[in-house]
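Here is a short tutorial on reading a ligand shell, a sheet and a helix pair. Keep the structure open as you go.

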Amino acid sequence: MPVGTIHIVGAGLAGLSAAVHLTASGHKVVLYEAGQHAGGRCRSYHDKELDCLIDNGNHLMLSCNEAALSYLMMIGAEDTLQIAKGAIFPFMEIGSGKQWTIKMGQGRFPGWVFDKNARVPDTKWTDYLEAMKLTSADRWSHVNDCVDKKSVLYKRFWQPLCVAIMNTQAEEASAQVFGNVLREAFGAGGIGCKPVIVKEGLSQSFVEPAEAYLKERGTAIHYGKRLRSIEMEVDEIKTLHFVDQDVGLEHLDWVILALPAWVINDLMPTVPTPTSFRSIVNAHFKVAVPPKSETGILGVIGGHVEWVFEKPSMISTTTSAAEKIVDLSAEEIAALLWADIARVYGLNAEAVPPYRIVKEKRATFAATPEEIIRRPAIAARNTNLVVCGDWTNTGLPSTIEGAIRSGRSAAEQIIPPQTLAKI
Ligand SMILES: Cc1cc2nc3c(=O)[nH]c(=O)nc-3n(C[C@H](O)[C@H](O)[C@H](O)COP(=O)(O)OP(=O)(O)OC[C@H]3O[C@@H](n4cnc5c(N)ncnc54)[C@H](O)[C@@H]3O)c2cc1C
């Protein structure tokens with residue numbers, strides 16, 4: 001079936017992924033983005049006050065994220081990532097001062113759970129059998145239904161892991177989606193669980209190389225184009241009404257809407273979407289001599305900070321499912337988070353360095369069983385429309401991998417998968 005122009009609305013990672021895959025396969029694509037920049041919830045910018053590049057949020061990936069890695073290879077940006085040498089995750093517990101490092105080894109056999117120096121302290125290898133309950137959970141189970149919430153393993157492993165991956169507390173998070181991530185990650189073994197971060201900034205890895213790739217191949221990107229309504233005729237989109245322009249569709253043209261769930265909810269109320277979201281708070285503290293450990297990341301248990309990222313001129317922190325702190329003032333948040341950092345690194349808690357607090361109130365949808373069933377399949381919704389984004393039914397939580405996969409799947413709805421350019 002011949003395909004006309006493919007109009008993609010939304011230049012976050014889902015929209016960029018769809019555009020890159022379709023452009024690479026030789027199709028005519030036009031991309032429209034409401035903002036002046038692409039990247040959506042995964043971007044970096046120069047912070048004037050701190051005078052340095054910051055990410056809107058520290059993003060952590062795993063080496064098993066195949067769609068994200070192959071997207072980066074397509075746009076020639078694979079060298080912009082920092083992939084750890086091994087699946088090594090250092091932790092510190094604020095209350096007890098205990099420190100440990102999870103070391104998974106390289107292979108598929110989970111030998112690390114049998115080694116008390118490689119697993120969480122004060123746990124037994126049999127505790128980890130709970131992973132089997134998680135990977136076989138039904139769609140209504142919460143993470144807490146599958147694990148012992150009074151156990152040490154819960155406090156030091158399942159709960160922090162769940163919050164980091166799902167951006168949702170374990171008592172309300174979907175065990176099935178959490179289990180999907182565990183199956184992909186642990187199923188790949190240590191080689192698939194290496195932490196991956198960007199070397200410079202999110203935009204320098206995921207966004208700018210994609211924009212350059214598209215422009216070099218003649219795909220136009222129009223910024224400042226906010227879609228405000230869609231005009232249908234029977235079950236076909238006829239016109240896209242942007243704030244300052246109408247775009248009429250020709251016969252055989254397609255539309256991919258790669259927009260956040262709440263925007264789709266406004267524009268197309270008949271499409272089911274998650275309606276409840278969770279926040280993430282990131283703090284960037286500018287320090288003269290930042291600490292430098294082997295991995296550059298540290299998990300923190302029992303504090304307001306959950307992950308610390310050691311950067312060239314900064315200590316950066318992430319607090320996920322941050323409903324408890326997100327409405328505090330930036331000053332209050334900085335004081336709370338710096339107090340944790342001071343304890344972790346033995347610094348002065350009173351001397352808070354220059355900082356930037358970034359609050360993303362709708363960072364991800366709430367990955368609860370009730371919201372998961374509201375995720376629509378990435379399928380052609382009518383004769384010329386496909387909807388994608390991290391909130392559509394990728395089987396994964398709201399992540400870079402989920403967004404990029406959803407964009408690729410949207411492209412596959414329009415052209416046969418075997419003709420789609422892949423790495
Ligand atoms: C603080 C934070 C930390 C995160 N940490 C991680 C992490 O560690 N690991 C991980 O894998 N993932 C993480 N994520 C999730 C990841 O960033 C998202 O899943 C992903 O970026 C979503 O991409 P998307 O394209 O689906 O949506 P979006 O990024 O929301 O893209 C949608 C685009 O549509 C545009 N748009 C909106 N309305 C309109 C309109 N009316 N007309 C035209 N354009 C419009 C927006 O401007 C945006 O560019 C994090 C997210 C946040 C916010």
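**Ligand, sheet and helix pair**

Q: How many residues surround the ligand, and which are the closest?

A: The ligand has 39 residues around it, the closest being Gly 10, Gly 12, Gly 40, Gly 57 and Thr 399. Four elements each give two or more residues to this shell: helix H1 (13-24), strand E15 (277-286), strand E19 (355-365) and helix H11 (400-414). Keep in mind that this is a predicted model.

Q: Which element gives the most to the shell around the ligand?

A: That is H11, with four residues.

Q: What is the make-up of the shell by class?

A: Around the ligand there are 18 nonpolar residues, 14 polar ones and seven charged ones.

Q: Now the sheet. In what order do the strands run?

A: Start with the general idea. Backbone hydrogen bonds pair the strands of a sheet, in either a parallel or an antiparallel way. Here, seven strands make an open sheet with mixed pairing, and the order is E8-E7-E16-E17-E18-E15-E19.

Q: Why is one side of E8 and of E19 left without a neighbour in the sheet?

A: Strand E8 (99-103) and E19 are the edge strands. Each has a single partner strand, so one side of each lacks a neighbour in the sheet. As for twist, neighbouring strands of this sheet are turned by 25 degrees against each other on average, ignoring direction.

Q: In which sense do E7 and E16 pair, parallel or antiparallel?

A: Parallel. Strand E7 (residues 88-93) and strand E16 (residues 297-301) are joined over three bridges. Within this pair, Met 92 is opposite Val 300 of E16.

Q: Which strands does helix H5 lie across?

A: Helix H5 (residues 152-166) crosses E7, E16, strand E17 (307-311) and strand E18 (314-320), at about 115 degrees to E16. Helix H9 (residues 330-345) also packs on the sheet, where it touches E7, E15, E16, E17, E18 and E19. The direction of H9 makes about 65 degrees with that of E15.

Q: At what angle do H1 and H11 pack?

A: About 40 degrees, with the axes 7 Å apart. That angle makes H1 oblique to H11. The crossing of the two helices is right-handed.

Q: Which residues make the contact between H1 and H11?

A: On H1, they include Leu 13, Leu 16 and His 21. On H11, Ile 400, Ile 404 and Arg 408 are among them. By class, the contact of H1 with H11 has 10 nonpolar residues, five polar and one charged.

Key
Residues numbered from 1 in each chain as written. Predicted model: local features only at pLDDT ≥ 70, side-chain atom pairs only at ≥ 80, totals over all residues. Near = placed C-beta within 6 Å. Nonpolar A, V, L, I, M, F, W, Y, C, P; charged D, E, K, R; others polar. Pairing = 2+ DSSP bridges. Axes fitted to C-alpha atoms, helices over the stretch in contact; angles between N-to-C directions. Contact = placed C-beta atoms within 7 Å. Parallel < 35°, antiparallel > 145°, perpendicular 65-115°, else oblique. Left-handed = near helix turned anticlockwise from the far one by under 90°.
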